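This report goes through selected side-chain contacts, cysteines and charged pairs, one topic at a time.

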Amino acid sequence: MSQVTQITSTCEAGTIITLNAWVDPSNCEKYLKLFEPLAAELRKHPENLFTAICVNPTDPGHIRIVHGWTKASAWFFETFVNGNESFQRFNAETAPMWIKPRVIEHFDRYVEG
């Protein structure tokens, strides 16, 4: 199940990215462990505002990963998704766990003032 629903942002102030993945609850811990090195890699970049990993308490197979950036979606794709071995490995290892299509959204980052 490799289908992805995706929305992108062109906001110059940056983007907030949410990834919703649904896995069998028996695979939840494995999925989270596979994401840990990728989360550490994301957090090393000065453009990263935050990276949060969440599990829905009433639907333990629903995992949400949220990360904020000071750059737009195009930068994120160029820097991480296109050709980044860590992202490709994570997607290859977790794709068999998905029980329905992932939903990835890029929101325009609003900066007050």
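With which side chain does the side chain of Asn20 make a polar contact? The partner is the side chain of Arg64, at 2.7 Å. The model is a predicted one.

## Asn20 in strand E2

Asn20 belongs to strand E2, which covers residues 15–23. The residue is buried, and its relative accessible area is 6%. Besides the polar contact to Arg64, Asn20 has neighbours that come from elsewhere in the sequence: with residues up to four places away not counted, Asn20 touches His62, Ile63, Arg64, Arg102 and Val103.

## His67 in strand E4

Strand E4 spans residues 62–69 and contains His67. Is His67 buried or exposed? With a relative accessible area of 5%, His67 is buried. The side chain of His67 is joined to the side chain of Trp69 by a polar contact of 2.7 Å.

His67 also has contacts beyond its sequence neighbours. With residues within four places in sequence set aside, the list consists of Thr15, Ile16, Ile17, Leu42, Asn48, Phe50, Thr51 and Phe76. Thr18 is 49 residues from His67 in sequence, yet the two C-alpha atoms are 6.7 Å apart in space.

## Val81 in helix H2

Helix H2 runs over residues 73–81 and includes Val81. Val81 is partly exposed, at a relative accessible area of 26%. Which residues does Val81 touch, not counting those up to four places away in sequence? They are Phe76, Phe87 and Gln88. Phe76 also appears among the contacts of His67.

## Cysteines

How many disulfides does a search of the whole structure find? The search finds zero. For Cys28, the closest cysteine sulfur is that of Cys54; the two sulfurs are 11 Å apart, so they are too far from each other for a bond. A disulfide would need a pair of cysteine sulfur atoms within 2.5 Å. Seen from the other side, Cys54 is in no disulfide, and its nearest cysteine sulfur is that of Cys28, 11 Å away.

The two cysteines fall into separate accessibility classes. Cys28 is buried, with a relative accessible area of 9%, whereas Cys54 counts as partly exposed at 33%.

## Salt bridges

The structure holds two salt bridges. In one of them, the side chains of Glu36 and Lys33 meet with an N to O distance of 3.5 Å. Both residues lie in helix H1 (residues 28–43); because Glu36 and Lys33 are three residues apart there, about one helical turn separates them. Glu36 is partly exposed, with a relative accessible area of 41%, and Lys33 is also partly exposed, at 47%.

Where do the two partners of the other salt bridge, Glu85 and Arg89, lie? Both are in helix H3 (residues 85–94), four residues apart, which is about one turn of the helix. The closest N and O atoms of this salt bridge are 3.3 Å apart. Glu85 counts as exposed, at 57% relative accessibility, while Arg89 counts as partly exposed, at 42%.

Technical notes: Residues are numbered from 1 along each chain as its sequence is written. This is a predicted model: local features need pLDDT of at least 70, side-chain atom pairs count only at pLDDT 80 or more; totals for chains, interfaces and linings use all residues. Side-chain values use heavy atoms; hydrogens and water are left out. Helices (H or I, at least four residues) and strands (E, at least two) are DSSP runs, numbered from the N terminus. Buried means under 20% relative accessible area, exposed over 50%, partly exposed in between (1.4 Å probe, protein chains only). Contact means heavy atoms within 4.5 Å. A polar contact is a pair of N or O atoms within 3.5 Å; within protein, one must be able to donate a hydrogen and the other to accept it, and residues adjacent in sequence count only if both atoms are side-chain atoms. A salt bridge is a side-chain nitrogen of Lys or Arg within 4 Å of a carboxyl oxygen of Asp or Glu.
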